[in-house]
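Trainee: I'm new to this one and would like a close look at a single part of it. Could you walk me through it slowly?

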Amino acid sequence: MKTPPLPRDLERYADQARPPRETPGHAPVIGRRHGRIDGPAQVTGAAIYADDLCLPRMLHGKILRSPHAHARIVSIDVEAALALPGVEAVITGQDLMTPYGIIPWTEDEHVMAVERALFVGDAVAAVAALDEATAEAACGLIEVEWEVLPHVLDPEEALREGAPVLHPHPKRKGNLTKEIELSFGDPGAGDEAATVVEGDYFFHGTTHAAIEPHCAIGEVGADGLLTVHSATQVPHYLHRALARVLELPPNRIRVVQPAVGGGFGGKSEPFDLEFCVALLSLRTGRPVKILYTREEVFLAHRGRHPTAVHAKLAVDDEGRLQGYEADLLLDGGAYASFGLITTYYSGQLTALPYRLPAYRYRSRRAYTNKPACGPKRGHGAVQPRFALEVSLDKAAHALGIDPIELRRRNFIGENTRTVNELRVGSLGLLTCLDEVERRSEWKARRGRLPFGHGLGVACSAYISGTNYPVYPNEMPLSAVQVAADRSGRVRIFSGASEIGQGSDTMLAAVCAQELGVELTDVRVVSADTDLTPVDLGAYSSRITLMAGHAALHGTRQLAAKVRQAVAEAWEIEKKNVALAGRLALDITDPSRSLPIAEAFALAEARFGTLGATGYYHTPKDVHGDYRGGAIGATPAFSATAHVVEVIVDPETGVIGVEKVWCAHDCGRALNPLLVEGQIEGSCYMGLGEALMEHHEVGPGGRLLAPDLLDYRIPTSVDTPPIEAIVVEAPDAHGPYGAKEAGEGPLHSVIPALANAVFDAIGVRIDTLPLTPEKVLAALDARLEATTDEGGAA
């Protein structure tokens with residue numbers, strides 16, 4: 001049955017976008033610098049992660065993985081493994097034949113390989129045993145007869161005719177996951193431009209490097225209910241996938257998310273271990289846990305796509321953009337994952353934050369026999385941002401225009417639309433540029449520092465959640481239930497997924513603000529599909545805007561009941577009752593107040609048990625009416641500007657980052673301390689991608705650095721001072737005006753660093769990461785070219 005459409009109550013959202021109401025004598029909770037409500041548990045080790053759970057009679061599972069990049073399974077013999085003492089069950093791909101995938105149109109995965117393994121590390125079989133060692137030994141006893149097939153590791157080769165095809169499809173060409181070609185504005189614009197910058201860029205693959213490995217526990221209760229505890233950041237989507245693949249009614253499944261030790265997109269879709277623990281538990285009648293090794297985390301991957309970009313930028317004499325073209329090739333790995341969306345993202349978000357009169361792009365994603373790529377912080381937009389921002393720097397240099405000034409001249413403005421028809425609300429980019437320019441002393445120092453010492457700038461914009469869910473429907477994208485009782489306690493039930501970004505704290509702050517209690521009075525129950533209403537998960541920087549709106553909707557209904565009950569008791573108008581500082585206050589008579597617990601009791605006596613629900617759905621009119629127009633559409637865009645200072649040693653090629661200034665427009669900072677933390681985390685991650693990280697696959701399809709020793713990420717020693725600057729440009733579509741802060745501050749730190757290297761040593765390196773070897777090679781190439789020119793002269 002088709003779900004009837006919900007009314008888009010834009011008036012309600014507009015009211016919720018206003019700043020919190022202030023009560024004289026009581027500072028608002030929203031806007032206050034405070035720590036996370038789960039901070040004490042995190043720092044004392046009291047937080048319970050999935051691997052901390054130990055259930056009675058629990059078994060341990062291990063997954064056997066393919067040693068081949070591409071091979072057909074001729075036969076599997078599990079008898080020896082089953083015969084090993086301590087082994088309780090063995091399953092193979094034949095036990096879970098239903099394909100799945102996070103995007104409904106690209107369900108190309110099986111839990112374990114059914115006919116062929118498509119990369120080194122593809123799951124083949126799983127064992128449940130009394131302990132991990134026995135399960136691992138049993139995996140070694142499973143006999144798999146393989147027929148090794150030709151494999152392909154390069155996306156260009158994968159798209160050539162005759163390449164081995166990973167996923168034969170009647171409507172799809174070879175290994176092409178998705179191809180997009182879109183053009184906006186006058187395609188001839190820029191032909192007469194004064195300056196045309198054309199170049200090739202390559203963004204290597206990177207992974208998330210979350211500290212907590214993936215872990216899941218399956219448990220079947222006496223009532224037959226299957227519970228899966230998982231370190232996921234999408235409990236709702238996992239719930240749906242479990243029901244589909246296991247062919248169980250959704251109401252017989254429960255997904256619980258314990259504390260999660262980081263995600264960054266790496267846990268934003270279902271993984272093989274979650275299905276395996278579920279089926280093994282159903283088979284054995286006992287709880288089953290699987291904890292990935294670090295190598296398995298690297299194999300599960302779903303990190304940033306290696307992306308080649310050919311970019312062409314046209315600029316007039318005044319430095320105003322005339323047109324931009326990009327041709328992108330994404331290396332997708334063995335499965336589609338979020339790839340359909342990534343392919344669109346790699347073009348759709350490039351049009352901001354600048355005014356582009358003409359823009360066209362072609363984006364292709366290819367299957368290869370490597371671990372599948374997917375979403376990583378800044379999903380899909382980080383790679384093309386690098387190409388555009390370096391192109392802008394090249395244009396500024398060619399025209400002799402200050403790179404910050406060039407960006408100012410091309411700012412798209414506020415309350416407008418991009419050339420590809422995305423609606424833009426507030427956008428505080430100019431303030432961001434002013435801040436990083438002033439604090440870095442850009443005008444006084446840029447271009448005046450000694451050789452080897454340089455400054456670079458770059459900008460970006462990012463979404464605050466997407467307008468559409470992964471599977472289309474008209475139901476709320478986020479919802480909450482709120483309850484209060486006569487003790488003065490408030491509880492909020494939310495499906496939002498806390499993965500370290502502070503979403504539980506944000507929900508508690510909204511409750512405290514609207515109901516007049518303190519943060520410690522609020523209990524947050526989140527991410528339990530039996531106890532909480534649906535929220536679609538922690539991705540696309542959506543929770544503050546969407547769950548924040550839902551929380552505001554619910555808590556304001558509850559607060560209205562409390563204020564009415566108090567008003568009736570005091571025989572005054574409801575509008576004159578405020579809730580703040582654990583008190584109900586008469587704003588016309590400061591001497592009259594009531595403890596909040598007594599106010600709740602009055603309301604409970606007046607209305608019965610106190611509860612309310614709140615939800616959020618997105619506005620519709622935010623994107624163009626063309627195929628793919630909805631991708632990249634969001635209720636509110638954030639904006640970011642970075643300046644990075646580097647010192648490059650010309651003898652060793654080592655790049656030292658002296659300091660990063662990052663100004664980020666988050667709409668309104670609901671908690672400036674947490675916003676600053678997100679800015680710092682994003683900068684840190686971006687610096688790692690710029691200088692160190694490389695998720696590299698070697699000959700034969702094996703990972704070259706499947707551990708945290710060889711896969712290099714910055715440590716505290718490598719991390720420079722980061723000045724996080726919070727810029728507020730409240731948006732009419734954000735709760736209290738808030739926008740995202742979790743992903744946007746990553747994008748532009750990478751090109752800003754590359755531009756700083758050019759300022760320092762006068763050479764461009766357009767292939768990431770910027771290693772010492774590349775620096776020295778670039779310097780040698782320049783010296784050789786200079787010598788040749790001198791000789792010719």
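Trainee: Here is the part I'm after: is Glu 421 buried, partly exposed or exposed?

Mentor: Happy to, and keep in mind that this is a predicted model. Glu 421 has a relative accessibility of 36%, so it counts as partly exposed, because buried means under 20% and exposed means over 50%. You'll find Glu 421 in the loop between strand S16 (416–417) and strand S17 (423–424). Its backbone is worth a look too: phi of Glu 421 is near 70°, a positive value in a residue other than glycine.

Now set Tyr 736 beside it. Tyr 736 isn't a glycine either, and its phi is positive as well, at about 60°. Tyr 736 also sits in a loop, this one between strand S28 (722–727) and helix H18 (744–747). Tyr 736, however, is buried, with a relative accessible area of 0%.

While we're on loops, there are cis peptide bonds to find. One runs from Leu 352 to Pro 353, with omega near 0°, and Pro 353 belongs to the loop between helix H9 (339–348) and strand S15 (359–367). Another runs from Leu 768 to Pro 769, with omega near -5°. Pro 769 is in the loop between H19 and helix H20 (772–792).

That brings us to helix H19 (residues 749–761), which packs against helix H10 (residues 382–399) at an angle of about 35°, the axes being 8 Å apart. H10 passes H19 in a right-handed crossing. On the H10 side, the contact includes Val 382, Phe 386 and Val 390, while H19 brings Ile 750, Pro 751 and Phe 758, among others. Sorted by class, the residues where H10 meets H19 are seven nonpolar, two polar and three charged.

Let's go from there to the inside of the model. In soluble globular proteins, nonpolar side chains tend to be buried together. Here the largest nonpolar core has 168 residues, and Val 646 and Leu 753 are the ones that touch the most other members. Helix H15 (residues 543–570) gives the most to this core, with 14 residues. If you skip neighbours within four places in sequence, the contacts of Leu 753 include Val 644, Val 646, Ile 655 and Leu 770. There's also a second, separate core of 35 residues, and Leu 96, Leu 273, Leu 279 and Ile 290 are among them.

H15 has a helix partner you can look at as well. The axes of helix H14 (residues 503–515) and H15 come within 9 Å and cross at roughly 30°, so H14 and H15 are roughly parallel to each other. H14 passes H15 in a right-handed crossing. Among the residues in contact are Met 506, Leu 507 and Val 510 of H14, and Ala 547, Ala 551 and Leu 552 of H15. The class count for H14 with H15 is eleven nonpolar, four polar and two charged residues.

Last stop: helix H6 (residues 235–246) and helix H7 (residues 272–284), whose axes come within 11 Å and cross at roughly 55°. H6 and H7 are therefore oblique to each other. H6 passes H7 in a right-handed crossing. Leu 238, Ala 241, Leu 242, Val 245 and Leu 246 in H6 touch Glu 274, Phe 275, Ala 278 and Leu 279 in H7. By class, that contact has eight nonpolar residues, no polar ones and one charged.

Technical notes:
Residues numbered from 1 in each chain as written. Predicted model: local features only at pLDDT ≥ 70, side-chain atom pairs only at ≥ 80, totals over all residues. Heavy atoms only, no water. Axes fitted to C-alpha atoms, helices over the stretch in contact; angles between N-to-C directions. Helix = DSSP H or I, 4+ residues; strand = E, 2+ residues; numbered from the N terminus. Parallel < 35°, antiparallel > 145°, perpendicular 65-115°, else oblique. Left-handed = near helix turned anticlockwise from the far one by under 90°. Contact = heavy atoms within 4.5 Å. Nonpolar A, V, L, I, M, F, W, Y, C, P; charged D, E, K, R; others polar. Core = buried A, V, L, I, M, F, W, Y, C linked by side-chain atoms within 4.5 Å. Buried < 20%, exposed > 50% of the residue type's maximum accessible area, 1.4 Å probe, protein only.
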